[in-house]
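Biologist: I should be grateful for a close look at how the helices pack in this model. Please treat the contacts in turn, and then the charged pairs and individual side chains that accompany them.

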Amino acid sequence: MAKLLLNPDDAEARQFMNDERSPKEHYHFAAINWARFLPVFGSALTPETKHTLAAEAGKYSAYLNLGGTENHKMMNLCAAAVLPEYLEGGRIANKDKEAALREAKDMLRAYVKGLYAAGQGEWDSPTYLMFDLHGFLNIYDFSSDPEMRLIAAAALDWFTAAYA
């Protein structure tokens, strides 16, 4: 992303993003970055890469069937609140665009209410907090749903106050 910020036509960055491996990666760390990459740099992807990326996201169930630690769950879930708007066909986690976005919103609304009621489950860790903050920034920056952006803003307020 840094190379593409400096030069949107950087050949090496485009090569890496369009290689055989990248569009097939959808684990939590990849997910959170796809949710920022597609809205900003989606034009750097070839049609073939966009197709592969969408096909893989469509069947990767962890976006909405959460497992792992709290920050892993939030990386996947926050990506699920953004990616359907930017993927070819919008399908994610074996759900159509509308169902996936609705499910992500419901789960994120409950999670943010929990933040205000009980705090972050991972011991208010500044390391984990940054991954959660990144995910909610993606929603705030790229979701077209005004309510989802309000949910993200509430989470960002909580995270920044907790971090301070």
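Modeller: What follows takes the helix contacts first, then the salt bridges, and then two individual residues. The model is a predicted one, and the values below are computed from its atoms.

I begin with helix 6, which spans residues 97-118. Its axis and that of helix 8, residues 146-163, come within 10 Å and cross at roughly 30°. An angle under 35 degrees counts as roughly parallel, and helix 6 and helix 8 are therefore described as roughly parallel to each other. The crossing of this pair is left-handed. On the side of helix 6, the contact is made by Lys105, Leu108, Arg109, Tyr111, Val112, Leu115 and Tyr116. Helix 8 contributes Glu147, Met148, Ile151, Ala154, Ala155, Asp157, Trp158 and Phe159. Sorted by class, these residues comprise 11 nonpolar and four charged, with no polar residue.

Helix 6 also meets helix 7, residues 126-142, where the axes come within 14 Å and cross at roughly 130°. Helix 6 and helix 7 are therefore oblique to each other. Their crossing is left-handed. Leu108, Tyr111 and Val112 represent helix 6 in this contact, and Asp132, Phe136 and Ile139 represent helix 7. The class count is five nonpolar residues and one charged residue, with no polar residue. Leu108, Tyr111 and Val112 of helix 6 thus appear in the contact with helix 7 and also in the contact with helix 8.

Helix 7 has a further partner in helix 3, residues 28-41; these two pack at an angle of about 25°, with their axes 10 Å apart. Helix 3 and helix 7 are therefore roughly parallel to each other. Here too the crossing is left-handed. From helix 3 the contact takes Phe29, Ile32, Asn33, Ala35, Arg36, Pro39 and Val40. From helix 7 it takes Phe131, His134, Gly135, Leu137, Asn138, Asp141 and Phe142. The contact of helix 3 with helix 7 divides into eight nonpolar, four polar and two charged residues.

I turn now to the charged pairs. Side chains of opposite charge can pair when their charged atoms come close. The structure holds 12 salt bridges. One of them joins Lys59 to Glu56, with the closest N and O atoms 3.6 Å apart. Lys59 and Glu56 are three residues apart in helix 4, residues 47-59, and are therefore separated by about one helical turn. Lys59 is exposed, with a relative accessible area of 52%. Elsewhere, salt bridges that share partners connect Lys105, Asp106, Arg109, Asp145 and Glu147 into one network. Of these, Lys105 and Arg109 of helix 6 and Glu147 of helix 8 are also among the residues of the contact between those two helices.

Two further salt bridges may be set beside these. Arg21 and Glu25 pair at 2.9 Å, N to O. Arg21 is partly exposed at a relative accessible area of 47%, and Glu25 is likewise partly exposed, at 22%. Lys3 and Asp10 form another salt bridge, in which the closest N and O atoms are 4.0 Å apart. In this pair Lys3 is partly exposed, with a relative accessible area of 38%, whereas Asp10 counts as buried at 16%.

Two individual residues complete the description. His28 lies in helix 3. This residue counts as buried, because its relative accessibility is 16% and the limit for buried is under 20%. Residues up to four places away in sequence aside, His28 touches Tyr60, His72, Met75 and Asn76.

Lys50 lies in helix 4. The relative accessible area of Lys50 is 34%, so this residue is classed as partly exposed. With neighbours within four places in sequence left aside, Lys50 is in contact with Gly42, Leu45 and Glu88. Lys50 and Ala104 are 54 residues apart in sequence, and their C-alpha atoms are 22 Å apart in space.

How values were computed: Residues are numbered from 1 along each chain as its sequence is written. This is a predicted model: local features need pLDDT of at least 70, side-chain atom pairs count only at pLDDT 80 or more; totals for chains, interfaces and linings use all residues. Side-chain values use heavy atoms; hydrogens and water are left out. Axes are lines fitted to C-alpha atoms, for helices over the stretch in contact, and angles run from 0 to 180 degrees between N-to-C directions. Helices (H or I, at least four residues) and strands (E, at least two) are DSSP runs, numbered from the N terminus. Angles under 35 degrees count as roughly parallel, over 145 as roughly antiparallel, 65 to 115 as roughly perpendicular and the rest as oblique. A crossing is left-handed if the near helix is turned anticlockwise from the far one by less than a right angle, and right-handed if clockwise. Contact means heavy atoms within 4.5 Å. Ala, Val, Leu, Ile, Met, Phe, Trp, Tyr, Cys and Pro count as nonpolar, Asp, Glu, Lys and Arg as charged, and the others, Gly among them, as polar. A salt bridge is a side-chain nitrogen of Lys or Arg within 4 Å of a carboxyl oxygen of Asp or Glu. Buried means under 20% relative accessible area, exposed over 50%, partly exposed in between (1.4 Å probe, protein chains only).
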